[in-house]
Amino acid sequence: MNVINPDETAGDVYSRPNVRQRDDGRWEFRASSLGSCDRALVMEALGQTPEPPPEHVQKGMDEGTASEHLILGHSKIAKAGLSVCEKVETLEQFATDVHTGRDGAAQMYLEVPFGRAVVTCHPDALLVGNRGDDIGQFYVGEAKFLRGGWTKLLAEMWKQRPSYAWQLSVQMAGTGLPAVYMIGEKGKDGELVDVRVDRVTIPPYSKAQIAKRVLGLVKLIEAGTIPDCTYAQYPCGFWRDGHDGQKVWAKDERVIEVDIALGKKIQAQALKYTRH
């Protein structure tokens, strides 16, 4: 296995859509997209193009990507008895491929097959324990850069942000490893304030639950059936089509300038409608 620059392959794996059909007929899903509303995913699979996220949402995602190396290099990682593995031959043991990440470093790429579908993801890191009984234990690592309010119980955070739960579950299923979840606390000026490190031995969703979710979506897509909204998702690329999660936001086309506090309120209300 060689280190691959994704820009040199067919379809940059870092910029692929949430769902697409491969040349071999299988449906490919990004791991984090499994936390999306069924309606949005099926509409995208059937050829409709979602609108980009609001500017403040995209800004937050970009900050998170840019801060991953700061989180992984934070002293709290070493204090937790962990080291980041960077050797390609070590990454290859747990990856489908090893790509050159956007920061130029080697990064694992996973493809987890489920019959007529395959789920893909890029774990942020591979870590190894270096203390006591944990010496030599490998972990798949995921880093998030979030406001202090999100440094709470992981189960609570995953309930409010289901894409995070599905993403981690796919990573654990694909590598067969326990996980280390690293939350970098974002300060008021966007700086990294602190890092929280949690070991996760039981994934939010089992491999059987992932299979059920993915194959259920494939069935809807191949039947050409656009389902009702499964929960009030925000942001949603299809808010103009009456997606439930966007009704408050779609009063007019100034949706991109919406107040962030209102967004948090709607996100909280959305939990009542989550069916996943």
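R22 is buried in this predicted model. Its relative accessible area is 14%, which is under the 20% cut-off for a buried residue. R22 sits in the loop between β2 (19-21) and β3 (27-30).

What does R22 pair with? One partner is E28, in a salt bridge whose closest N and O atoms are 2.7 Å apart. E28 is buried, as is R22. A further partner is E111, whose side chain meets that of R22 in a salt bridge of 2.6 Å, N to O. E111 lies in strand β6 (residues 106-114), so its bridge to R22 ties together parts that are 89 residues apart in sequence. E111 is partly exposed. Its relative accessible area is 25%, and the partly exposed class runs from 20% to 50%, so E111 falls inside it.

These pairs belong to a wider arrangement. R20, R22, E28 and E111 are linked in a network of salt bridges. The general principle is simple: side chains of opposite charge can pair when their charged atoms come close.

Another bridge involves R26 and D24. Their side chains meet at 3.0 Å, N to O. How accessible are R26 and D24? R26 is partly exposed, with a relative accessible area of 24%. D24 is partly exposed too, with a relative accessible area of 48%. Across the model, the count comes to twelve salt bridges.

Now turn to the helices. Two packed helices are described by the angle between their axes and the distance between the axes. Take helix α1 (residues 38-45) and helix α7 (residues 207-223). Their axes come within 10 Å. The axes cross at roughly 55 degrees. Why is this pair called oblique? An angle under 35 degrees would count as roughly parallel, and 65 to 115 as roughly perpendicular. The crossing of roughly 55 degrees fits neither class, so α1 and α7 are oblique to each other. The handedness is also defined: α1 passes α7 in a right-handed crossing.

Which residues make the contact? From α1 come D38, L41, V42 and A45. They meet R213, L217, L220 and I221 in α7. By class, this contact of α1 with α7 has six nonpolar and two charged residues. No polar residues take part in it. The charged residues are D38 on α1 and R213 on α7.

Note on methods:
Residues are numbered from 1 along each chain as its sequence is written. This is a predicted model: local features need pLDDT of at least 70, side-chain atom pairs count only at pLDDT 80 or more; totals for chains, interfaces and linings use all residues. Side-chain values use heavy atoms; hydrogens and water are left out. Axes are lines fitted to C-alpha atoms, for helices over the stretch in contact, and angles run from 0 to 180 degrees between N-to-C directions. Helices (H or I, at least four residues) and strands (E, at least two) are DSSP runs, numbered from the N terminus. Angles under 35 degrees count as roughly parallel, over 145 as roughly antiparallel, 65 to 115 as roughly perpendicular and the rest as oblique. A crossing is left-handed if the near helix is turned anticlockwise from the far one by less than a right angle, and right-handed if clockwise. Contact means heavy atoms within 4.5 Å. A salt bridge is a side-chain nitrogen of Lys or Arg within 4 Å of a carboxyl oxygen of Asp or Glu. Buried means under 20% relative accessible area, exposed over 50%, partly exposed in between (1.4 Å probe, protein chains only).
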